[in-house]
Structures are given as C-alpha cells and as structure tokens.
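Visitor: Hi, I'm new to reading protein models. Could you walk me through this one?
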Amino acid sequence: MARHSGGRGWYGKVVGAALGVTMLAVGASVWTAQADSVGASSPEATASATPGEDAGHVAVTIAHASDAGASGVNITIDDGPDPAWTPQVLDVLREYEVKATFCMTGIQAQAHPDLVKDVVEAGHKLCNHSVSHDTSMDKKSEAYQAKEILDAERMITEASGGVRPVYYRAPGGAFTPYSRKLAASHGMRPLGWNVDTKDFERPGTDAIVATVERELPNGPTLLFHDAGGDRSQTVEALRRILPWLREQDRTFGFPVR
C-alpha cells in the first residue's frame, strides 16, 4: 500500500491548533505492516474505548477482501467527516443504494458528531483512521500509536452516540505489528485497500474513474476521500463509478472482519 503524501498539510495545521495535548513522539517502529506478532514488552494503552457493541474476535492481518464474496466491492471513504463533502457523498450513496465504510479521524468526528450519526443512520460502517492522520505513526513509539488509535476510537464512539468503529485503517498505510494487534484486540480489523483512486490529488473526475476501471482487477477495496480539500471530483466520480460497477455485475459489501 502506497503512502499518501499530497494534499495533507491541513491535518498538521488542525492538529497543531487543536490538539497540542496529544502525543509523545519517541522511538521508532519499522515499516512491517505484514508481520503477524508483537513483542511482549508492548506498553499498555494509555486510553480506553467507550464500551459499545461486543468487540468480538477479529484477525490482525490487513483486510482487503469483501464480505460480498468474489463479485463484491467495498467502497471506503477516508479522512472525514467534512461538513461540505460528507453530505454530498452520502447523497450519492443513497441515490445508488450503496453502503460504504467511512474511515474517520478522531478530530473530525469530534468536530462534526451530527455527521457521524448521519453516516451510522444511513447504514454505513465506521472505521478508525487515528486521531490526527499522522502518516509517520509507524516510526513513533507504541505509546503514541496506542493513544492515536484508542483516543480516536473513543472520540468516534462518543460522536456516533455509542456505535464503535469496527475497522482500523492506518493513515497512509502506516501499520505496525503493534498497531494491528492493538486494533484487533478492540474489535477493529486492520483495513487496507486495493485501488487507490488518488482522488486526494484532484487529478480530475475522468482520471479518478479511469483509475478504478483500470485497477479494479487488483482487488475489491476502493479508496476515496470526503475531506482534506475540494472533493467535488470525488462526488462526480462516484456518480459514474457506482452504476458502472453494477454494470460489471459487482455487488457492494463491507470489508471482511
């Protein structure tokens, strides 16, 4: 999974202004997103999630498959919720009767709880995308990773009115064995993607659509964004992509857990 680097400066500004409390940045974790174990010396998390639905058992491996089977497609929407664009994305999903997985940051969920509730009420799934969208999380301490993940879980759960996120997507794919194990222990399946539409770069609606058509054979989980800037291209691309996927005899599902 490629790291996102373009169009991300807004997160640093928001976090610098709004979350001076947050984090220790010590130590380093190696980029080992596919490893399957965590050392016994891992520190206990410094924050705890609000109780909600039973966390249950989920795998620590990074999910890509769809629960809709071989013809399934997972629509995933990252970085929101955003008051300008999330409602428009919800409208398009409603128009085509598609359910999606919304990967929310803690700061955005806390700032826009009504939108989090709108997402839940429409039947979509919640995914934890960390507090602050720090794409260098994998190079920071386990205490930092725990705080980013578990504080975001709490913030999203509180904003939703008690519905917990059931997936965890590391910002930019910055997973570590520790972060995956921690997320899974809280009932959040680590979530990857197969098709990165690069819509955050605003390449044009045609380019976003062409990326999906070209890369869909790579796998069923598609990555879009509803925050971080002007997402009008994403909205228009979804209006074209969703009916096209149905024409390909694809069914819409959620990532496996």
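Visitor: So how many helices and strands does the chain come to?
Guide: The secondary structure comes to 8 helices and 8 strands. Helices (H or I, at least four residues) and strands (E, at least two) are DSSP runs, numbered from the N terminus. One thing up front: this is a predicted model, where local features need pLDDT of at least 70 and side-chain atom pairs count only at pLDDT 80 or more, while totals for chains, interfaces and linings use all residues. Residues are numbered from 1 along each chain as its sequence is written, and side-chain values use heavy atoms, with hydrogens and water left out.

Visitor: Okay. How much of the chain is buried?
Guide: Buried residues are 54% of the 257 residues. Buried means under 20% relative accessible area, exposed means over 50%, and partly exposed is in between (1.4 Å probe, protein chains only).

Visitor: And how much area does the chain expose?
Guide: About 10,200 Å², with carbon and sulfur atoms supplying 51% of it. Those areas come from the Shrake-Rupley method with a 1.4 Å probe; for residues, only the protein chains shown count as cover.

Visitor: Switching topic: how many salt bridges are there?
Guide: The count comes to 12 salt bridges. A salt bridge here is a side-chain nitrogen of Lys or Arg within 4 Å of a carboxyl oxygen of Asp or Glu.

Visitor: Why would side chains pair up like that?
Guide: Side chains of opposite charge can pair when their charged atoms come close.

Visitor: Which residue does R239 form a salt bridge with?
Guide: R239 pairs with E95, and their closest N and O atoms are 2.7 Å apart. R239 is in helix α8 (residues 232–247) and E95 in helix α2 (residues 86–95), so this pair ties together parts that are 144 residues apart in sequence.

Visitor: Are those two buried or exposed?
Guide: In between: R239 is partly exposed at 30% relative accessible area, and E95 is partly exposed at 48%.

Visitor: What about R240, which residue does its side chain meet?
Guide: R240 meets D206 in a salt bridge, 2.8 Å from N to O. R240 sits in helix α8 and D206 in helix α7 (residues 205–215), so the pair ties together parts 34 residues apart in sequence. R240 counts as partly exposed at 41%, whereas D206 is exposed at 53%.

Visitor: Which residues link up in a network of salt bridges?
Guide: That network links K147, D151, R154 and E158. Within this group, D151 and R154 meet at 3.8 Å, N to O. Being 3 residues apart in helix α5 (residues 142–160), D151 and R154 are separated by about one helical turn. D151 is buried at 8%, and R154 is partly exposed at 25%.

Visitor: How many disulfides does the structure hold?
Guide: It holds 0 disulfides. A disulfide is a pair of cysteine sulfur atoms within 2.5 Å.

Visitor: Why isn't there a bond between C103 and C127?
Guide: The closest cysteine sulfur to that of C103 is in C127, and at 3.0 Å it is too far for a bond. C103 is buried at 1% relative accessible area, and C127 is buried at 0%.

Visitor: Last one: where is L182 found?
Guide: L182 is in helix α6 (residues 177–185), and it is buried at 10%. L182 and E142 are 40 residues apart in sequence and 9.9 Å apart in space, C-alpha to C-alpha.
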